[in-house]
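Thanks for coming. I will go through a few details of one protein model, and I will keep to what can be read off it. Please have the sequence and the structure open.

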Amino acid sequence: QGQRVESGGGLVQAGGSLRLPCAVSGRTVSSYAMGWFRQAPGKEREFVAAIRSGGGSTTYVDAVKDRFTTSRDTAKNTVYLQMNSLELEDTAVYYCAARNGPVSRMSFNYGAWGQGTQVTVSS
């Protein structure tokens, strides 16, 4: 599979917003279920959000419901994680991942991973 690249991270104030893009080299992102995971300092990697292949059906962990949205822009061949109302607890390295199958909240179900991007939320 193609290379996954996450960017658009950085430092943001609590209550602010960021949008993370995930591009896949050599493949069409609509062909895969695309998941988002994050890993905070000293913690294990956890599921954040996912979007179904083809359509726009999404699922989110309870901690980010009504704040985060994941979507596809097929013209740009890019998946996005829109993060609004950011909280200090959202500070983490964020990863996108691709699965050739249904959406899943389990990291081992995803076969291809990006390198991750740092998101830091300050008070």
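I start with a bond. In this predicted model, the torsion about the S-S bond of Cys22 and Cys96 is about 55 degrees, so the disulfide is right-handed. For anyone new to the term, a disulfide is a covalent bond between the sulfur atoms of two cysteines. Here the sulfur atoms of Cys22 and Cys96 are 1.9 Å apart. How many disulfides does the count come to? One.

Where do the two cysteines sit? Cys22 is in strand β3, residues 18-24, and Cys96 is in strand β9, so the disulfide ties together parts that are 74 residues apart in sequence.

Are these cysteines buried or exposed? The cut-off for buried is under 20% relative accessible area. Cys22 has 0% relative accessibility, so Cys22 counts as buried. Cys96 has a relative accessible area of 1%, so Cys96 is buried as well.

From Cys22 we can step over to Thr78. Thr78 belongs to strand β8, and Cys22 is among the residues in contact with Thr78 once neighbours within four places in sequence are left aside. The other residues on that list are Pro21, Ala23, Val29, Ser71, Arg72 and Asp73. Thr78 has 8% relative accessibility and therefore counts as buried.

What does the side chain of Thr78 have beside it? One of its polar atoms lies 2.8 Å from the backbone oxygen of Lys76.

Now to the loops, and to two residues picked out by their phi angle.

The residue to look at in the loop between β6 (58-60) and β7 (68-73) is Asp66. Its phi is near 70 degrees, which is a positive value in a residue other than glycine. Asp66 has a relative accessible area of 84%. The cut-off for exposed is over 50%, so Asp66 is exposed.

Ser85 is in the loop between β8 (78-83) and β9 (92-99). Ser85 is not a glycine either, and its phi is positive, at about 50 degrees. Is Ser85 buried or exposed? The answer falls in between: with a relative accessible area of 40%, Ser85 is partly exposed.

To go back over the main points: Cys22 and Cys96 form a disulfide, and Thr78 is in contact with Cys22. Asp66 and Ser85 each have a positive phi without being glycine. That is all I have.

Definitions and conventions
Residues are numbered from 1 along each chain as its sequence is written. This is a predicted model: local features need pLDDT of at least 70, side-chain atom pairs count only at pLDDT 80 or more; totals for chains, interfaces and linings use all residues. Side-chain values use heavy atoms; hydrogens and water are left out. Helices (H or I, at least four residues) and strands (E, at least two) are DSSP runs, numbered from the N terminus. Buried means under 20% relative accessible area, exposed over 50%, partly exposed in between (1.4 Å probe, protein chains only). A polar contact is a pair of N or O atoms within 3.5 Å; within protein, one must be able to donate a hydrogen and the other to accept it, and residues adjacent in sequence count only if both atoms are side-chain atoms. Contact means heavy atoms within 4.5 Å. A disulfide is a pair of cysteine sulfur atoms within 2.5 Å.
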